[in-house]
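Hi,

Here is the model I said I would pass on. Have a look at it first, and my notes follow underneath.

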Amino acid sequence: MTLEFIEYPDREMLFLSLADRVAGQLSQHLRVNDRASLCVPGGTTPAPLYDYLSGAEIDWPRITVLLNDERWVDGEHMRSNGRLLRRHLLHDKAEAAQYLDLYTGDASPEDAAPALSEAVAAHLPLTVLLLGMGTDMHTASLFPDASETVLALAPDAPAVMAVTSNRDEPRITLTASALKGAINTHLLITGADKREAFERAQSLDPTEAPIRAFLGDITVHWAE
Ligand SMILES: O=C1O[C@H](COP(=O)(O)O)[C@@H](O)[C@H](O)[C@H]1O
């Protein structure tokens with residue numbers, strides 16, 4: 001198990017270099033496999049990374065892109081993680097990728113979870129997993145001290161679960177069982193507050209600091 005922490009001089013360098021690394025890992029995988037999967041976070045941090053990645057010269061038609069988690073809102077809603085992807089990643093060269101949308105339009109994420117679990121399971125293990133993290137140490141939609149997080153961290157959890165106990169909108173999330181087997185895992189964090197949260201997480205239980213469940217073989221990318 002190796003945790004590598006890379007500190008970049010600035011965010012621009014981080015986003016450029018991480019886009020290059022992710023593209024390289026996907027291409028490498030496609031040299032000996034028919035298909036690859038790229039699982040990425042939503043939120044406010046990764047848009048510039050996706051702008052770079054969308055122009056990468058990789059064999060996008062052989063790549064399935066999916067989110068770590070989605071908020072149960074319409075795809076055009078400001079809080080939709082899918083909206084972020086459609087605007088910043090799934091255009092230019094990456095428009096040719098296959099997109100596995102976690103927002104199905106079902107009445108609730110509970111209704112959608114069983115079929116999504118099957119759909120996601122077909123793309124495991126993930127070729128490249130990129131995680132984000134909130135200052136509260138949540139990752140994907142696995143939130144600290146939530147009863148659903150205990151279930152989503154269990155090794156026998158289905159690949160996808162509904163999350164309804166958080167204070168915002170209902171959500172859908174990949175669980176630890178789907179996320180943890182990825183071939184390449186990266187964590188993208190920026191700013192002093194997230195670095196401090198990341199350091200704190202290392203001595204906490206995953207139920208208090210869900211990102212802790214993924215701090216095995218991982219490369220952490222940080223810039224102020
Ligand atoms: O709610 C979410 O938050 C995390 C972190 O987002 P950020 O805004 O602090 O960058 C994100 O990784 C996750 O996908 C998203 O749904």
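Let me start with a proline: Pro125 sits in the loop that links H4 and E6. Keep in mind that this is a predicted model. The peptide bond between Leu124 and Pro125 is cis, with omega at about -5°. That caught my eye, since most peptide bonds are trans.

On one side of that loop is H4, which covers residues 109–121. This helix has 13 residues and spans 17 Å from its first C-alpha to its last, close to the 18 Å expected at 1.5 Å a residue. There is a bend in H4 of about 35° at Ala115. Which residues of H4 are buried? They are Pro109, Ala112, Ala113, Leu116 and Val120. As a reminder, residues three or four places apart in an α-helix point the same way, because there are 3.6 residues a turn. The buried residues of H4 pack against four strands, E3 (63–67), E5 (98–100), E7 (160–163) and E8 (171–174), and also against helix H6 (176–179).

On the other side of the loop comes E6, residues 128–131. Both of its faces are covered: Val128 and Leu130 are buried on one side, Leu129 and Leu131 on the other. The general background here is that side chains in a regular strand alternate between the two faces of the sheet. E6 has parallel pairings with E2 and with E9. With E2 (residues 36–40) there are 2 bridges, and Cys39 has Leu129 of E6 as its bridge partner. With E9 (residues 184–190) there are 4 bridges, and here Leu131 is opposite Leu187.

After E6, the loop towards helix H5 (147–153) has a couple of backbone oddities. Met137 is in this loop, and its phi is near 75°, a positive value in a residue other than glycine. Ala140 lies in the loop between E6 and H5 too, with a positive phi near 45°, again in a residue other than glycine. For context, most residues other than glycine have a negative phi. Are these two buried or exposed? Met137 counts as buried because it has 21 C-beta neighbours inside 10 Å, where the cut-off for buried is 20 or more. Ala140 counts as buried because it has 30 C-beta neighbours inside 10 Å.

Back to E8, one of the strands that the buried residues of H4 pack against. Both faces of E8 are covered as well: Arg171 and Thr173 are buried on one side, and Ile172 and Leu174 on the other. What does E8 pair with? E4 (residues 69–71) joins E8 through 3 bridges, running antiparallel, and the bridge partner of Glu70 in E8 is Ile172. E7 also pairs with E8 in the antiparallel sense, over 4 bridges, with Val163 standing opposite Arg171.

Last, the ligand. How many residues surround it? There are 13, and the closest are Pro41, Gly43, Thr44, Thr45 and Gly132. By class, the shell is made up of 9 polar, 3 nonpolar and 1 charged residues.

If you open just a few places, I would pick the cis bond between Leu124 and Pro125, the bend at Ala115 in H4, and the positive phi values of Met137 and Ala140.

Cheers

Methods. Residues numbered from 1 in each chain as written. Predicted model: local features only at pLDDT ≥ 70, side-chain atom pairs only at ≥ 80, totals over all residues. Expected span 1.5 Å × (residues − 1). Bend = angle between axes of the 7 residues up to and from the residue. Buried ≥ 20, exposed ≤ 12 C-beta atoms within 10 Å, placed from the backbone. Contact = placed C-beta atoms within 7 Å. Near = placed C-beta within 6 Å. Nonpolar A, V, L, I, M, F, W, Y, C, P; charged D, E, K, R; others polar. Pairing = 2+ DSSP bridges.
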